[in-house]
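Please open the model in a viewer and display side chains as sticks. The tour below proceeds by selection, one region at a time.

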Amino acid sequence: DKYGALIDWAIRNKIKNVIFHKFDRESRNLTDVENNEKFIRAGLLAIHYASDNKVFNENTPDSDFCMRDIQAAINKHYVRDLSTKVLTAMNRKAERGWFPSNRVPLGYMTYRPTDEYGRQKRCEAIVVRDSNEKKVKQVQREYELYARDLSLIQVRATIIPEGYIPSDKIDRFWRSSIEYRLRDPFYRGYFRWG
């Protein structure tokens, strides 16, 4: 959605030249390739591929567009294949009891051990208590207040003045975030996956 919005913004603001580092940055799916071709042929866009020193504009021959279509299909397959491999690896990790995602709940962090040379060891990341004690205390405080039968609105209203939420993040600190944490089985030693 953000990609399409940016292309639309460029066209609305008459920014004709759009630069991509490589071809695969522009064409992750066939829909975007088709839409961009319409814009190019209408003279609304000129797409530049910096690393390939290639430009597509309204004067680009049909044979180049044909090669672009082939490359788009290859890129789409690459993304699909990579997605399948990542999901398979994450499922295997979950089946062995390890938290499969890199995005851990508030109050926790991912720790990656290093070898004797200081390089991170592959496939050995573990989830540990966050080193930022304020985040840990925030989650504990939310549970404590909710256990006292405070509503989610009251929990939010209490947490903010206690200084757990940075001032620039208060407007994104929603009741639904608190509720999600309170219902998350991760805080009880379990996780949902698949």
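**A buried glutamate**

Begin by selecting Glu26, which is buried, with a relative accessible area of 1%; buried means under 20% relative accessible area, exposed over 50%, and partly exposed in between (1.4 Å probe, protein chains only). This is a predicted model, in which local features need pLDDT of at least 70 and side-chain atom pairs count only at pLDDT 80 or more, while totals for chains, interfaces and linings use all residues. Residues are numbered from 1 along each chain as its sequence is written, and side-chain values use heavy atoms, with hydrogens and water left out.

Glu26 lies in helix H2 (residues 23-26); helices (H or I, at least four residues) and strands (E, at least two) are DSSP runs, numbered from the N terminus. Which side chain makes a polar contact with that of Glu26? Add Arg68 to the selection: the two side chains are joined by a polar contact of 2.5 Å. The term denotes a pair of N or O atoms within 3.5 Å; within protein, one must be able to donate a hydrogen and the other to accept it, and residues adjacent in sequence count only if both atoms are side-chain atoms. Leaving aside residues up to four places away in sequence, Glu26 touches Tyr3, Phe20, Asp32, Asn36, Ile47, Tyr49 and Arg68, contact meaning heavy atoms within 4.5 Å.

**The three-stranded sheet**

Next, select E1, E2 and E3, three strands that form an open sheet in that order with mixed pairing; two strands pair if DSSP finds at least two bridges between them. Strand E1 (17-20) and strand E3 (54-56) are the edge strands, each pairing on one side only. On average, neighbouring strands of this sheet are turned by 20° against each other, direction ignored. Axes here are lines fitted to C-alpha atoms, for helices over the stretch in contact, and angles run from 0 to 180 degrees between N-to-C directions.

E1 and E2 run parallel and are joined by four bridges; centre the view on Ile19, which stands opposite His48 in E2. On the other side, strand E2 (residues 46-49) pairs with E3 in the antiparallel sense over three bridges, and Tyr49 stands opposite Lys54 in E3. Now show helix H4 (residues 62-95), which packs on the sheet, touching E2 and E3, with its direction at about 105° to that of E3. In the hairpin of E2 and E3, with four residues between the strands, select Asn53, whose phi is positive, near 55°.

**An exposed tyrosine**

Move to Tyr117, in the loop between strand E4 (108-111) and E5. Tyr117 counts as exposed, at 60% relative accessibility. Draw a C-alpha to C-alpha distance to Asp130: the two residues are 13 apart in sequence and 24 Å apart in space.

**Helices H5 and H6**

Select Asn132, which caps the N-terminal end of H5 with a side-chain oxygen 3.1 Å from the backbone nitrogen of Lys134. Within H5, the residues Val136, Gln138, Val139, Arg141, Glu142 and Leu145 are buried. The buried residues of H5 pack against strand E5 (126-129), helix H6 (152-159) and helix H7 (175-183). Just after H5, Asp149 takes a positive phi of about 70°.

Finally, select Leu152, Val155 and Ile159, the buried residues of H6. Seen down the axis of H6, they fall within an arc of 55°, so they line one face of the helix; the arc is that of the directions from the helix axis to the C-beta atoms. The buried residues of H6 pack against H5 and H7.
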